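Work through these exercises on pockets and cavities. Try each task before you read its solution.

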Amino acid sequence: MSSEDFAVSILGQVPTPVMAVNNDYELIYLNETGLKLLEKGWEEVKGQKCYDLFNSAHCKSDECRVKQAIAKQTTCTARNEVRIGQRTIPIEYTAAPLRDDEGNIIGGLEYIVDITRQVRDERKLQEQSKTILEISTPAISLWEGIIVLPLVGVVDSFRAQQMMQAMLAKIKETAAKIIILDIQGVAAVDTAVANHLIKITKATKLMGCKCLISGISPAVAETIVQLGIDLGDIETSSTLKDALADAFEQLQFDVSTAK
């Protein structure tokens, strides 16, 4: 067996599609795994344009990594989707320039990895992350015109952004006039957390909604004073009950105990 035949034999055993095209994107090699993917024989695909066989989102565009590999004379990798029959398969493919014995580029070599399972897992993870974020920022319509957002855990920049988006969306949805940000369950309040809270109150104010902060514990109050944090004109209270009473008063709700 010649060295060339040996190399072809090895490529034929690679468990992922491997193909080679000339400079006109005509197929000059496709291994057995690639043929199985297309559900065709070699004589059916030999010499055909690769973009007619794989019909991917990158085909016939500057996004084609084979085209880029030939032009830039380097290896190029990207995610893509190929459409074969009624199937759409998410893939990651890598292309490299194909050279002859004199080093001239005569086409491109490409191998394809089916990432269907990886993409499915990523989408599932994204859905779970979205659910966790929604749970961690539960903006609740407590009363007509009043929203409560109880916070538990750590508030960092990312979560603060999620909180702001959740609150603003809820204000738009309910036309709320007062939102109570209850921070009783926040692990610690420092300058960064205070700045996040101040930004959130300013954003809600722009939508015509007043923000009250409740759940200020003695330790948090002491920390805020020691750090010299100025909460401006933000109204605060030690309990959610007090904040709700303030909200009723500001909205001129007359709430009495049933007899």
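**Exercise 1.** Break down the lining of the second largest pocket by residue class, then trace where the lining comes from.

*Solution.*
Step 1. This is a predicted model. Start with the residues: Ile198, Thr201, Lys202, Thr204, Lys205, Cys209, Lys210, Cys211, Leu231, Asp233, Ile234 and Glu235 line the second largest pocket.
Step 2. Two elements give two or more residues each: α8 (191-206) and β9 (210-214).
Step 3. Helix α8 gives the most, with five residues.
Step 4. Sort by class. The lining holds five nonpolar, two polar and five charged residues.
Step 5. Add the volume: about 210 Å³ of space lies in this pocket.

**Exercise 2.** Describe the largest pocket: its volume, its lining and the elements behind that lining.

*Solution.*
Step 1. The volume is about 370 Å³.
Step 2. Among the lining residues are Glu4, Ala7, Val8 and Leu11. Others on the list include Tyr29, Arg99, Asp100 and Asp101.
Step 3. At least two residues come from each of α1, β2 (27-30) and β4 (87-99). Helix α1 gives the most, with four.
Step 4. By class, eight are nonpolar, none is polar and four are charged.
Step 5. Check the confidence. Helix α1 (residues 3-13) has the lowest confidence in the protein chain, at a mean pLDDT of 76. Strand β1 (residues 18-22) has the highest, at 95. The chain averages 87, and 96% of the residues score at least 70. Where pLDDT is low, the predicted coordinates should not be read in detail.

**Exercise 3.** How many cavities of 30 Å³ or more are there? Characterise the largest cavity.

*Solution.*
Step 1. The count is two.
Step 2. The largest cavity has a volume of about 140 Å³.
Step 3. Its lining has 15 residues, and Met19, Ser56, Cys59, Tyr93 and Glu110 are the closest to its centre.
Step 4. α4 (50-54), β3 (76-84), β4 and β5 (105-114) each supply at least two lining residues. The largest share, three residues, comes from α4.
Step 5. The classes are 11 nonpolar, three polar and one charged.

**Exercise 4.** Which residues line the second largest cavity, and how do they divide by class?

*Solution.*
Step 1. The second largest cavity has a volume of about 40 Å³.
Step 2. Ile183, Val189, Leu197, Ile213, Ile216, Val220, Ile224 and Leu231 form the lining.
Step 3. Eight residues are nonpolar, with no polar and no charged residue in this lining.
Step 4. Cross-check Leu231. This residue lines the second largest cavity, and Leu231 also appears in the lining of the second largest pocket.

Notes
Residues are numbered from 1 along each chain as its sequence is written. This is a predicted model: local features need pLDDT of at least 70, side-chain atom pairs count only at pLDDT 80 or more; totals for chains, interfaces and linings use all residues. Side-chain values use heavy atoms; hydrogens and water are left out. pLDDT is the predictor's confidence in each residue, from 0 to 100. On a 1 Å grid over the protein atoms alone, a cavity is a set of points where a 1.4 Å probe fits but cannot get out, and a pocket is an open set with protein on both sides within 12 Å along at least five of seven lines; lining residues have an atom within 4 Å of a point. Grid points are joined across faces, edges and corners, and a volume is the space filled by probe spheres set on the points. Ala, Val, Leu, Ile, Met, Phe, Trp, Tyr, Cys and Pro count as nonpolar, Asp, Glu, Lys and Arg as charged, and the others, Gly among them, as polar.
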